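Thanks for coming. I have one structure to go through today, and I will put the sequence and the model on the screen before I start.

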Amino acid sequence: MLLALGLAAIHFFSGGLSFLDGVPRSRWLSVAGGVSVAYVFIHLLPELAENQEVIAETVSESFAFLAFLEDHVYLVALVGLAVFYGLERAAKESRRRQPGSPENAPASAGVFWIHIVSFAVYNAVIGYLLVHREGGFRALVFFFVAMALHFVVNDRSLREHHRAIYHKVGRWLLAGAVVIGSTAGAFTEISEAALAVLIGFLAGGVILNVLKEELPEERRSRFSAFALGAAVYSTLLLAL
């Protein structure tokens, strides 16, 4: 629960890190993105592959209509990526339609609520997985650090899209979602197959939410910082 509260606190204090703002993109945000992506490729995706057999067995016994997942569990990661890509496009299009400069205009209220509800689910999944990570305390710490840095990246993006309403409402909902997910994890335990689906969805979401911030040319992102974060964290994870 303490780790969940730590993740929740990021949504309250990240806004005060003014040195992360501006263009070119802060090297610290690029480092954070590299760390998050490294965790996905070194830990989450291999874990998803290990659970392929569990998913195949569960699907064949109880959910025959999902038989295609027996050999294509990575479709879940693709769904996670596609969902957050759609959310990002919706936010950008909404801001573009607002009067005034798109750079300063917030997205519409409808897009805000779709965005926040989706990220609340995302945060709740992360909170739940905090309780159900395998590998002991060190593995849990590595997951926490990767997700904490990922939250900083997400928080900057959501503040940019939604401005004042995110500060007044959104951050509270996202912080609460982490705690709710962690609390649910402490009192419930889902099947290995369902857990693998959550991991797949999270993996796809992390990849998209990092790369959408790093790739646009106008952000003038720092590849060297991104690569350094990915390389250092990959080395640490492989040394476990």
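I will take the overall fold, then the core, then the salt bridges, then two individual residues, and end with a pocket.

A word on the source before anything else: this is a predicted model.

Start with the fold. The protein chain has eight helices and zero strands, so read from the N terminus, as helices and strands are numbered, the order of elements is simply α-α-α-α-α-α-α-α. The chain has 240 residues, and 48% of them count as buried. If you take the contacts with a separation of 6 or more, 80% are between residues 24 or more positions apart.

Now the core. In soluble globular proteins, nonpolar side chains tend to be buried together. Here the largest nonpolar core has 54 residues. Which elements give two or more residues to this core? They are α1 (2–13), α2, α4, α5 (109–131), α6, α7 and α8 (223–238). Helix α6 gives the most, with 14 residues.

Two residues have the most contacts inside that core, L7 and L202. I will stay with L7 for a moment. With neighbours within four places in sequence left aside, L7 is in contact with I126, L130, F144, M147, A148, F151 and V178.

On to charges. Side chains of opposite charge can pair when their charged atoms come close. The count for this model is eight salt bridges, and I will show three of them.

The first on my list is K92 with E88, at 3.8 Å from N to O. Both residues are in helix α4 (residues 74–97), and because they are four residues apart, about one helical turn separates them. Are these two residues buried or exposed? K92 is partly exposed, with a relative accessible area of 24%. E88 is buried, at 5%.

E88 also has a salt bridge with K212, and there the N to O distance is 3.3 Å. This pair links distant parts of the chain, with E88 in helix α4 and K212 in helix α7 (residues 192–214), 124 residues apart. K212 is buried as well, with a relative accessible area of 11%.

The next pair on the screen is R159 and D155, whose side chains meet in a salt bridge at 2.5 Å, N to O. R159 and D155 are both in helix α6 (residues 136–187), four residues apart, which is about one turn of the helix. R159 has 16% relative accessibility and counts as buried. D155 counts as buried too, at 0%.

Going back to E88 for a moment, salt bridges that share partners join E88, K92, K212 and E213 into one network.

Next, the two individual residues. One is G15, in the loop between α1 and α2. What does G15 touch, not counting residues up to four places away in sequence? The answer is D155, R156 and R159, so two of the names from the last salt bridge come back here. G15 and R159 are 144 residues apart in sequence, yet their C-alpha atoms are 8.0 Å apart in space. With a relative accessibility of 33%, G15 counts as partly exposed, because that value falls between the limits of 20% and 50%.

The other is N209, placed in helix α7. N209 counts as buried, with 0% relative accessibility. Setting aside its neighbours within four places in sequence, N209 is in contact with F84, F119, Y122, H150, V153 and N154.

Last, a pocket. I picked the second largest pocket, which has a volume of about 160 Å³. Which residues line the second largest pocket? They are Y39, I42, H43, P46, E47, E50, R133, E134, G135 and A139. Helix α2 (residues 27–50) supplies the largest share of that lining, six residues. By class, the lining has four nonpolar, two polar and four charged residues.

To recap, then. The predicted model has eight helices and zero strands. Its largest nonpolar core has 54 residues, with α6 giving the most to it. E88 and K212 form a salt bridge that links helix α4 to helix α7. And G15, in the loop between α1 and α2, touches D155, R156 and R159.

That is what I have. I can put any of these views back on the screen.

Methods:
Residues are numbered from 1 along each chain as its sequence is written. This is a predicted model: local features need pLDDT of at least 70, side-chain atom pairs count only at pLDDT 80 or more; totals for chains, interfaces and linings use all residues. Side-chain values use heavy atoms; hydrogens and water are left out. On a 1 Å grid over the protein atoms alone, a cavity is a set of points where a 1.4 Å probe fits but cannot get out, and a pocket is an open set with protein on both sides within 12 Å along at least five of seven lines; lining residues have an atom within 4 Å of a point. Grid points are joined across faces, edges and corners, and a volume is the space filled by probe spheres set on the points. Ala, Val, Leu, Ile, Met, Phe, Trp, Tyr, Cys and Pro count as nonpolar, Asp, Glu, Lys and Arg as charged, and the others, Gly among them, as polar. A salt bridge is a side-chain nitrogen of Lys or Arg within 4 Å of a carboxyl oxygen of Asp or Glu. Buried means under 20% relative accessible area, exposed over 50%, partly exposed in between (1.4 Å probe, protein chains only). Contact means heavy atoms within 4.5 Å. A nonpolar core is a set of buried Ala, Val, Leu, Ile, Met, Phe, Trp, Tyr and Cys residues joined through side-chain atoms within 4.5 Å.
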